[in-house]
Amino acid sequence: MTGAPVRTLLLWCPDWPVLAAEIVDGVPATGPVAVLHANRVVACSERARAEGVRRGLRKREAQGRCPQLTVVEHDPGRDARAFEPVVAAVEELVAGVEVVRPGACAVAARGPSRYLGGEEAAAERIVEHVAQACAVESQVGIADGVFAAGLAARAGQVVPPGATPRFLADLPVEALGRPALTDLLRRLGVRTLGDFAALPAGDVLARFGFDGALAHRLAAGRDHRPLAVRQPPADLAVTADHDEPLDRVDTAAFAARALAERLHDRLAAHGLACTRLGIEAVTAHGQELHRVWRHDGLLSSAAIADRVRWQLDGWLSGGAGRGGARPARPTAGIIRLRLVPDGVIAQAGLQPGLWGEAGEERERAHRALSRVQGILGPEAVVTAVLGGGRSPADQVRLVPWGDERLPARPGPPPLPDGPSDRPGQSSLPDRPSPLSDRSPLSGRSSARSGEPPWPGRLPPPAPAVVLPDPLAAAVHDAAGEPVVVSARLQVSAAPARLTVGTARPAEIAGWAGPWPVDERWWAPAEARRRARFQVCLADGTALLLAVEAGHWLVEAIYD
């Protein structure tokens, strides 16, 4: 904490949380906008300030001053993501940028001032470049130290070298950004940074503690740390330009293999491995194509080449998808191919597992299945991924071997909280399940697991066979009358016989239900309401039945 402060250039974007909401969420920053955190305003637009909205106001008071106020919740992640292009634009002119917070970044002023023709010229050049590259208004302040440069940026001022203590002396103590300390200093009669800096450092430390001592150094124009500049990320992407357009899959695949080896070697030189691969192509007519391949593991050179070949085959040949749909082929051959490692991790290898989840046997199986994929295509080898859902058919998703194993719905599904996603319905079953000692509606709360609930999901054990197309069935009572389930889940009579298709009726020895599933009731066009039953037949067969719109269906079969 010794030594003179570094001459610092700081770029500040006013009302950045409001601008970030416009960039990411499309909220117009020209209107009255307020960003709230913990029900208090942390940032507001210029028009909102003209209506009397200020930082620190409660939501109701801010809306009382400005009835047309648009309220946006504070999101630090959104602010950081929106600020990244601004930092990248600054790095195009200067090196060694430190992100102070979303909306402000700093750099040592010595370098830019020397090769851009002085400090004022450097400030003007950076502001102009950010405005052209990102369409963002900003201000630059230059002073001795990051703290003083940040205050100078709010006034768009260049403080002469050595004049920083004099510049800070007349500013109010609120500039420290420490509300509790500011309130205490005000009550003690210390109103400016100059008054605070004049106090003995030892007395400040004894009275206000370590944080007060740091604030005392800032008030005197002495930063407590040097600039923590970030290192620009290495450009790991590889590109190949072709004079002759690639319009055949075999020639494109040959070129892609060499490009895949270059990418793998570049990643290996940095001790990295690829887990998500971005494939970009530009045709002779300027058409841009882009696709991202995810992988559940580390992509080798051959695996990268295979995925590039599969993607080029899909683009150039327009291979048929499911249902016979064919994507439109490019209007011309490919003249530029670019591979971007969209996701990388440190290449540390895999430790053999205790129970076979990793090791030589897994690697041997992986090579064999990858070889089959290389011959027949990625969709030829699939693996099941368990996820969330209320229906057994919804809980399994087939993904190509080697792709990232992400479920179609959040999961793995926890035990459910209730029978339906419609609020206010009963959560008690009419009868206990004949297949499990836990009914589908008596599960524990899923809040403890951290996963979203799936009310109405069947509990384990899962059905052994899930029919891809449910079978039409009919259920009758002992008198031969059809069993009907009312809108209030009242069963007309106990199920006694089940007829599946044209088969002979079978006696029902035990049953449980109904368990309602009411999905997407808020969207009438997508709403679906049905009730499930578990039944045991006299021959020992256990089935999962569903009744929807008065029609009975066999959904699954238990062991």
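What follows is a walk through one protein chain, from its overall make-up to a few of its individual residues.

Let us begin with the whole chain. The model is a predicted one, and the mean pLDDT of the chain is 81, with 83% of its residues at 70 or more. Two stretches deserve a more careful eye. Over residues 319-326 pLDDT stays under 50, and the model has 10 contacts there beyond four places in sequence. Residues 436-450 also stay under 50 in pLDDT, and for this stretch the model has 36 contacts beyond four places in sequence.

As you turn the structure around, you will meet 14 helices and 19 strands. The chain has 559 residues, and buried ones make up 42% of them. If you take the contacts between residues at least 6 apart in sequence, 56% of them join residues at least 24 apart.

A good place to visit next is the largest pocket. About 1,600 Å³ of space lies in this pocket. Several elements each give two or more residues to its lining: the strands β1 (7-12), β3 (40-44) and β5 (98-101), together with the helices α1 (16-25), α4 (76-91), α7 (146-154) and α9 (179-187). The lining has 45 residues in total, and to find the centre of the pocket you can look for Trp12, Arg55, Arg101, Arg154 and Gly177, which lie nearest to it. In character, the lining of the largest pocket is mixed, with 25 nonpolar, 8 polar and 12 charged residues.

Strand β1 also leads us to an enclosed space. The search of the whole structure finds 1 cavity of 30 Å³ or more, and the largest cavity holds about 30 Å³. Both β1 and β6 (104-108) supply at least two residues of its lining. Around this cavity you will find Leu9, Leu10, Leu11, Val90, Val97, Cys105, Ala106, Val107 and Ile126. The lining of the largest cavity divides into 9 nonpolar residues, with no polar and no charged ones.

One of those lining residues, Cys105, brings us to the cysteines. How many disulfides does a search of the whole structure find? The search finds 0. Cysteine 105 is in no disulfide, and the nearest cysteine sulfur, that of cysteine 13, is 7.1 Å away. A disulfide calls for sulfur atoms within 2.5 Å, so the 7.1 Å between cysteine 105 and cysteine 13 is too far. Cysteine 105 is buried, because its relative accessible area is 3%. For cysteine 134, the closest cysteine sulfur is again in cysteine 13, and at 8.4 Å it is too far for a bond. Cysteine 134 counts as partly exposed, because its relative accessibility is 22%.

Now for a residue in a strand. Threonine 283 is found in strand β9, which covers residues 272-283. Is threonine 283 buried or exposed? It is buried, with a relative accessible area of 1%. Setting aside neighbours within four places in sequence, threonine 283 is in contact with Pro330, Ala332, Gly333, Ile334 and Ile335.

The loops hold some points of interest too. Most residues other than glycine have a negative phi. Alanine 38 has a positive phi of about 55°, although it is not a glycine. You can find alanine 38 in the loop between β2 (33-37) and β3, where it is exposed, with a relative accessible area of 64%. Further along the chain, alanine 549 likewise has a positive phi, near 55°. Alanine 549 is found in the loop between β18 (542-548) and β19 (551-558), and it counts as exposed because its relative accessibility is 72%.

Our last stop is serine 492, in the loop between β14 (465-476) and β15 (497-500). This serine is partly exposed, with a relative accessible area of 47%. Which residues does serine 492 touch, not counting those up to four places away in sequence? They are Pro482, Val483 and Val484. Glutamate 481 is 11 residues from serine 492 in sequence, and the two are 9.4 Å apart in space, C-alpha to C-alpha.

How values were computed:
Residues numbered from 1 in each chain as written. Predicted model: local features only at pLDDT ≥ 70, side-chain atom pairs only at ≥ 80, totals over all residues. Heavy atoms only, no water. 1 Å grid on protein atoms, 1.4 Å probe; cavity = no way out; pocket = protein on both sides within 12 Å on 5 of 7 lines; lining within 4 Å. Points joined across faces, edges and corners; volume = space filled by probe spheres on them. Helix = DSSP H or I, 4+ residues; strand = E, 2+ residues; numbered from the N terminus. Nonpolar A, V, L, I, M, F, W, Y, C, P; charged D, E, K, R; others polar. Buried < 20%, exposed > 50% of the residue type's maximum accessible area, 1.4 Å probe, protein only. pLDDT = per-residue confidence, 0-100. Contact = heavy atoms within 4.5 Å.
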